[in-house]
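Work through the exercises below with the sequence and the model at hand. Each task is followed by a worked solution.

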Amino acid sequence: MAEPSPLKRRGLLFVVSSPSGAGKSTISRMLLAADPGIAMSVSATTRPIREGEIDGTHYHFVDDAAFDRLVAEEAFLEWAHVFGRRYGTLQSEVTRAIEAGRDVLLDIDWQGTQQLKQVDPDIVRVFILPPSMDELCRRLSGRGTDSAEVIAARMERAAGEISHWAEYDYVLVNDDADACAAEVGAILVAERLKRERRTGLVDFVRGLTG
Ligand code: 5GP
């Protein structure tokens, strides 16, 4: 029989939310690159694919009818309307990662986070704030080609997402992507060590003390 492992534990659902422009995608990429123990959950969405995106990697891009079918089949752990489109976390994505012994990174909004917390109270929720609204506006202004109205609408959405910051377990300010990614990594390490998730500890300690 295998030795009892003190590292054996339940997989973790690790949620990162932020307004767009706060650097969440960069931080998620850094975390995934630094830590092979965590995998991204690829959501399904009805929004159109953007240049540079890959179907199945960034999202599973589906039409409204396919999204309806997934809802009817109860394929989603959560789903929500965001900016007039639908986005949802597929149960199959999460199960695949957990069964492979990995933790799961979910880049979802506050609505999805609230729903997921109902389904699984054990989730870890991280919120990333921009250093200032001025800086966020600079980041959302992009290449300077968008109209003032478009930028104002993005700022309004960002303020709406930020209003949910207090529903999260950890709140970080991203004024430096490397430092923020290191903080996210530290949270992940600490959460992995939490006693309640470490199903292997009881047998390990029994083996230690007899
Ligand atoms: P984008 O279209 O810019 O990739 O994402 C827009 C927003 O949708 C982001 O705030 C992102 O966190 C959120 N989002 C992406 N996937 C999901 C999902 O599966 N569920 C929910 N509730 N939100 C999602």
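A residue counts as exposed when its relative accessible area is over 50%, as buried when that area is under 20%, and as partly exposed in between. The model is predicted.

**Exercise 1.** Classify Glu-74 as buried or exposed, and state where it lies.

Solution. Start with the location: Glu-74 belongs to the loop between α2 (64-72) and β5. Next take the backbone: its phi is near 55 degrees, which is positive in a residue other than glycine. Last, the relative accessible area of Glu-74 is 68%, so Glu-74 is exposed.

**Exercise 2.** Do the same for Phe-83, beginning with the backbone angle.

Solution. Phe-83 is not a glycine, yet its phi is positive, about 50 degrees. The residue is placed in the loop between β5 and β6. With a relative accessible area of 48%, Phe-83 is partly exposed.

**Exercise 3.** Describe the surroundings of the ligand: which pocket holds it, and which elements give two or more residues to its shell?

Solution. The ligand occupies the largest pocket. Two or more shell residues come from each of β5 (76-82) and β6 (85-90). The shell has 16 residues, with Ser-43, Arg-47, Tyr-59, Glu-78 and Tyr-87 the closest. By class, six are nonpolar, four polar and six charged.

**Exercise 4.** List polar contacts to oxygen atoms of the ligand, then give the covered share of its area.

Solution. The side chain of Ser-43 places an N or O atom 2.6 Å from a ligand oxygen. For Arg-50, a polar side-chain atom is 3.2 Å from a ligand oxygen. Gly-88 contributes a polar backbone atom, also at 3.2 Å from an oxygen of the ligand. Of the 520 Å² of accessible area that the ligand has on its own, the protein covers 91%.

Note on methods. Residues numbered from 1 in each chain as written. Predicted model: local features only at pLDDT ≥ 70, side-chain atom pairs only at ≥ 80, totals over all residues. Heavy atoms only, no water. Near = heavy atom within 4 Å. Polar contact = N/O pair within 3.5 Å; in protein donor to acceptor, adjacent residues only side chain to side chain. Areas by Shrake-Rupley, 256 points an atom, 1.4 Å probe, with all protein chains shown as cover. 1 Å grid on protein atoms, 1.4 Å probe; cavity = no way out; pocket = protein on both sides within 12 Å on 5 of 7 lines; lining within 4 Å. Sits in = over half its atoms within 2 Å of the grid points. Helix = DSSP H or I, 4+ residues; strand = E, 2+ residues; numbered from the N terminus. Nonpolar A, V, L, I, M, F, W, Y, C, P; charged D, E, K, R; others polar. Buried < 20%, exposed > 50% of the residue type's maximum accessible area, 1.4 Å probe, protein only.
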